[in-house]
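Please look through the model below with its sequence beside it. The paragraphs that follow take it one region at a time.

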Amino acid sequence: MKTRTGYSSLQILLHWATALLVVFNWFYSDGMGRALRVHMDGVASTRPSSMNPDIHVWTGLAVLALVLLRLALRAVQGTPPAVGDGWMRRAATWAHRLLYVLLLATPLLGAATWFGGLKALGDLHELAANTLLGVAGAHAAVALWHHYVLHDRVLTRMVRPE
Ligand code: HEM
Ligand code: HEM
């Protein structure tokens, strides 16, 4: 993979758009279990729901599309090398790989549950979504630690294109 000095403006835009949509969809998920039962059994819900399951489904599919675009862009444009050396570089590389795995697994498991009718995968989808939020939260805390404690360029380079 090509290395470069920073992220492109499109890579930065995709990073923040993905982050925003993931967090939105995590919060906009209450009621999906009930919606799934209605969707699969084809019966009308007895209780009115304030959420629209289509919004959760299509926002999640948008995340999948943006992540696929991001991975293609990484392959074409390259990325800057991880900051630091030794354990810090390895930790950053593996944390980013884990984030990409969860960013793909979460919407794919959701789609298999919703469109594929594989009810049993619903719990796995929920577990993947919760793990994604946890890992992304830790990732954001580390980014802020780089900025405010280590005073390096890690956070700035995800804001300013190079
Ligand atoms: C990154 C994107 C996504 C996130 C963060 C996310 C998050 C969540 C969360 C936290 C729940 C648990 C809700 C609860 O019952 O409290 C859930 C449930 C669900 N989501 Fe997603 N989701 C995403 C994408 C998708 C997609 C793309 C689909 C379908 C195409 C989908 C379909 C479902 C279904 C059917 C359930 C109910 C599962 C069950 O109760 O067994 N989700 N989602
Ligand atoms: C759901 C939320 C988030 C997800 C899924 C996410 C995901 C990712 C991924 C996959 C990368 C690797 C980019 C690559 O090299 O291709 C990355 C990089 C980065 N993220 Fe996030 N992120 C999230 C939220 C945040 C937040 C809130 C911050 C800041 C407070 C942040 C700061 C950064 C920075 C600074 C980098 C670049 C790290 C480096 O160059 O070594 N991210 N993010």
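A polar side-chain atom of His-125 lies 2.8 Å from a nitrogen atom of ligand 1. This is a place in a predicted model, and the distances in the text are computed from that model. A second histidine, His-56, also takes part: an N or O atom in the side chain of His-56 is 2.8 Å from a nitrogen atom of ligand 1. Around ligand 1 there are 22 residues. The closest of them are Gly-33, His-56, Gly-110, Gly-122 and His-125.

The other ligand can be read in the manner just used. Ligand 2 is surrounded by 20 residues, and the closest are His-15, Arg-74, Tyr-100, His-139 and Arg-157. Which oxygen or nitrogen contacts can be named here? For Tyr-100, a polar side-chain atom lies 2.6 Å from an oxygen atom of ligand 2. For Arg-157, a polar side-chain atom lies 2.8 Å from an oxygen atom of ligand 2. Tyr-7 has a polar side-chain atom 2.9 Å from an oxygen atom of ligand 2.

Tyr-100 leads from ligand 2 into the protein itself. Leaving aside residues up to four places away in sequence, Tyr-100 touches Val-67, Arg-70, Leu-71 and Arg-74. Arg-74 is also one of the closest residues to ligand 2. Tyr-100 and Val-67 are both members of the largest nonpolar core, which has nine residues in all. The other members are Val-22, Val-63, Leu-99, Leu-102, Leu-103, Leu-132 and Val-135. The elements that give two or more residues to this core are helix H3 (53-77), helix H4 (87-114) and helix H5 (121-150). Which of them gives the most? H4 does, with four residues. In soluble globular proteins, nonpolar side chains tend to be buried together. Another core, of six residues, lies apart from the largest one, and includes Ala-35, Met-51, Val-57 and Trp-114.

Helix H4 also holds Leu-108. Is Leu-108 buried, partly exposed or exposed? Its relative accessibility is 49%, so Leu-108 counts as partly exposed, because exposed begins over 50%. Along the chain, Leu-108 and Gly-60 are 48 residues apart, and their C-alpha atoms are separated by 9.0 Å.

Aromatic rings come next. A search of the whole structure finds two aromatic pairs. In one of them, the ring centres of Phe-24 and Tyr-28 are 5.4 Å apart and the planes are at 10°, so this pair is stacked. The angle decides the label, because planes under 30 degrees apart count as stacked. Phe-24 is partly exposed, at 39% relative accessibility, and Tyr-28 is partly exposed too, with a relative accessible area of 21%. The other pair is Trp-26 and Phe-27, with ring centres 5.0 Å apart and planes at 85°, so this pair is edge-to-face. Here the angle falls in the range over 60 degrees, which is counted as edge-to-face. Trp-26 is partly exposed, with a relative accessible area of 33%, whereas Phe-27 counts as exposed at 60% relative accessibility. A ring can also face a charge: the charged end of Arg-97 sits over the ring of Trp-94, 4.5 Å from its centre.

Two residues outside the helices remain. Ser-8 has its place in the segment before helix H1 (9-27). With a relative accessible area of 9%, Ser-8 is buried, because buried means under 20%. What does Ser-8 touch, not counting residues up to four places away in sequence? The contacts of Ser-8 are Gln-77, Pro-161 and Glu-162.

His-151 is found in the segment after H5. With a relative accessible area of 62%, His-151 is exposed. A polar atom of the side chain of His-151 lies 3.4 Å from the backbone oxygen of Tyr-148. His-151 has a positive phi of about 50°, although His-151 is not a glycine.

Terms used:
Residues numbered from 1 in each chain as written. Chains lettered and ligands numbered in written order. Predicted model: local features only at pLDDT ≥ 70, side-chain atom pairs only at ≥ 80, totals over all residues. Heavy atoms only, no water. Phe/Tyr/Trp six-rings, centres within 6.5 Å; stacked < 30°, edge-to-face > 60°. Buried < 20%, exposed > 50% of the residue type's maximum accessible area, 1.4 Å probe, protein only. Lys NZ or Arg CZ within 6 Å of the ring centre and 35° of its normal. Core = buried A, V, L, I, M, F, W, Y, C linked by side-chain atoms within 4.5 Å. Contact = heavy atoms within 4.5 Å. Near = heavy atom within 4 Å. Polar contact = N/O pair within 3.5 Å; in protein donor to acceptor, adjacent residues only side chain to side chain.
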